[in-house]
Amino acid sequence: MDDLRLGLLLNAVSPAVGGVLVRGEKGTAKSTAVRALAALMPDVDVVAGCRFSCAPGAPDPGCPDGPHEPAAGTARPARMVELPVGASEDRLVGALDIERALADGVKAFEPGLLADAHRGVLYVDEVNLLHDHLVDLLLDAAAMGASYVEREGVSVRHAARFLLVGTMNPEEGELRPQLLDRFGLTVEVAASREPEQRVEVVRRRLAYDDDPAAFAARWADEETALRERIVTARSLLPRVELGDAALRQIAATCAAFEVDGMRADIVMARTATALAAWAGRTDVAEEDVRRAALLALPHRRRRNPFDAPGLDEDKLDETLEQFGGNDQQDPEPDPDPDGGPDGPDGGPDGGGGIPPQGQGPDSGPPERRENEPAEAPAGGPGAGEQAAVRAAEPFRTKVLSVPGLGEGAAGRRSRARTEHGRTTGARRPRGALTKLHLAATVQAAAPHQRARGRSGPGLVVRRDDLRQAAREGREGNLVLFVVDASGSMAARRRMSSVKGAVLSLLLDAYQRRDKVGLVTFRGTGADVALPPTSSVDAAAARLEELPTGGRTPLAAGLLKAHDVLRVERLRDPSRRALLVVVTDGRATGARGADAVALASRAARLHAAEGTAAVVVDCETGPVRLGLAGNLARELGGTAVTLDDLRAESIAGLVRDVQAASTPGNSTVRNRRAA
C-alpha cells in the first residue's frame, strides 16, 4: 500500500497535483484508505452560512449566496464527498426549481455534490462504471474549476475546485481516456502475498470489529503526527525550488515515453515539488523526479484500451541519467514516508506494511502466471488442441446496432430513449422534472391564465402544466460473442484473422460503452470464456489465449449463449443484446446425431426471442458452401464476411442488420455471395 498512501498524502500536501486514481483487485481496502484521508486533511476556513464554502479572504464574486462581506470566517473539517455511481445529474450539479423560475423569476437553487466538494475531496468509488453524462460534467468542472447549471435559459454558476479521487477494479472495465488523464496520479494496489502481513491485516481488522473506539485511540497519536507533517509540508511547499535541471529531466522523461499533451509535464513538476516538501527539503532532487514519473505517467502511456498501464523503469533511469544536471543535491533519506518509525507501518502491533509494488516474485495479482498453462476448455487437450495464435492487427469496423428503440443505459450504439440527446417530443413528468420542454409547458399553461387570475406579465404556472422533454440518444448494449474454436478454424492464418476481427469488434464495443461476453465452442461442448462484463480488455485477454481444435459443436455454442442471455435479461431487462456468431457455419457432433438440425433448432430459439444477431462468415477459399448464411437465416439476422466487416467496405451493413431483424422479414441479404 506504499504507493497508495504516498499518492494520497502528496495530494493532501499539494491539491494542485490533481487527484489520484487507485486501481486494484477487489478486497484490497482501496475505499477504506481513501476515506481515511479526510481525517488527515487540514481544516478549511469558510464564510459562515455560505453553502458553497467560499474562502473568507477571497470569496467567489459569483457565489449564489453572495456577495459576501469581509469577515473572519469559521473553520471546519475538510469534506470527503462521495459520488454514487448511480447518482442523477441534478444530484451532482444541483437542481433548479423550474416552476418558481417561470412563475416568479426566482433562481431557487439546491446545491449538489460539486458544491459540497468545493475545497475538499470528491471521491468516486467504481469510477469506471460512472455514466457518460456524469463523466462529462466532472470533466467540465475539473477543467474550469466551476459548475454551471442551466435549465431553459435559467443559469446558476458556482466555484467547484476539488481533489478528485477515484477507485476502480480494472476487471470491470476501463475509464474513458479523457477522464483518465484528469487524474494527476495513478497507483496500482494488490494484496500482499506474504503470510505474516496477511495475518496482521486480519488481526487488525478483528481488533477494530471488537472495539472500534479503542482501535482508533491506539492509532490517534500516529494520525496526529501525520496530520502535523502534512501541515508542515504545506507551509514548506512555496519555498521549494524546481531547478532547471529537474525541469529538463521532467520534459525529457515525458518526451521519451511519448505521452500526449503537456498535462503530464505539469503534473510531474507539481508532484516532484510536493515530494521534496514532504521530505522536508527546499530543492527537487533526481529521486523526486523519478518517483513523480512512476506515479504520474503509467496511465498516460496507454495507446489503446488493451494496453496495461506501466512504465519501463530501466528506460526511465537511462533518461534521467542522460539529462541529469549538477545543480541537484542528493536527497536526505526518508526511511518512512508515513511519518516516522511509529507510523502506519509500525506501531503497537509491529505488523509492518505492504512492500512497494512490483517487488518480489509474487507481488502481482493472483492471476495466471506467464508460464502456467491456460485452463483447458471443453474438449480438453486430447481433442486435437492446437496452440493459441496471435490476433491479426485490429481495424475499424462498421457500426452494428440493435434495431428499434431501447431504454437501456446511456451509450453510443443503438437508438434509445434517454435523458440526453435530441428532443423528439414532450410528456408529463414521471417523478421529478429533469428536462423541461418549455414550449409544451407554456402551451399547457396558456389556456388557464384568465381562470388563474393572471394580472401581470408573469405566466401563472402550476405543477400540472410542466412537461418533460422526451429525448432520443444512444444506449449501450450487451454484445455477446460466440466464437468457433474448432478444428475447422485451426489454420493458423485463418484463426489469426478471426481473432483480429473479434478484437476489432471489442475495440468498437469499448468505444460505444457496451458490456461484452465471450462464449467459445469446440470439441464436445461450449464454455463461457467470459461472463458479460464491462471489461473489454479482459475479453481481449481471453481471446488471445484461446486454443483451437476438435469437433464443431455449433448447437452447444448457441445454447450456451441462449442461457447467458436469459440470465442477463433477468439481471438487466433494459439492456438489449446483440449476438455476434463468428463461424464458418459447419456443425459436427457425435455419430448418429444430426448436428446441423440441432444447430438450426438452437438458432431458432434466439430468433423466437427477437435477439438481434450477426453471423461473421469465416469461410474462405474458392469454393464456399454458404453455411453461415443459412445459420444467419435461422437466427433472423444477417451474415457478413471477414472482409466485409471492415468499415470501408460495408456501408450497408447496419441497414442489413435492421432489415433482417424486422419482424416478418425472413429475407437475409448476404453482403457477399459464395
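**View 1. An open sheet of six strands in a predicted model.** In this predicted model, six strands form an open sheet in the order 17-16-15-18-19-20, and their pairing is mixed; strands (E, at least two residues) and helices (H or I, at least four residues) are DSSP runs numbered from the N terminus, and two strands pair if DSSP finds at least two bridges between them. Strand 17 (525-533) and strand 20 (638-641) are the edge strands, each pairing on one side only. Residues are numbered from 1 along each chain as its sequence is written, and local features need pLDDT of at least 70, while side-chain atom pairs count only at pLDDT 80 or more, and totals for chains, interfaces and linings use all residues. Side-chain values use heavy atoms, with hydrogens and water left out.

**View 2. Strand 16 beside strand 17.** Over six bridges, strand 16 (residues 515-522) pairs with strand 17 in the antiparallel sense, and leucine 518 stands opposite leucine 530 in strand 17. Helix 17 (residues 536-544) packs on the sheet and touches both strand 16 and strand 17, where contact means heavy atoms within 4.5 Å.

**View 3. Helix 1 crossing helix 12.** The axes of helix 1 (residues 2-13) and helix 12 (residues 263-278) come within 9 Å and cross at roughly 90°; axes are lines fitted to C-alpha atoms, for helices over the stretch in contact, and angles run from 0 to 180 degrees between N-to-C directions. Helix 1 is therefore roughly perpendicular to helix 12, a term that covers angles of 65 to 115 degrees. Leu6, Leu9, Leu10 and Val13 of helix 1 meet Thr271, Ala274, Leu275 and Trp278 of helix 12 in this contact.

Note on methods. Angles under 35 degrees count as roughly parallel, over 145 as roughly antiparallel, 65 to 115 as roughly perpendicular and the rest as oblique.
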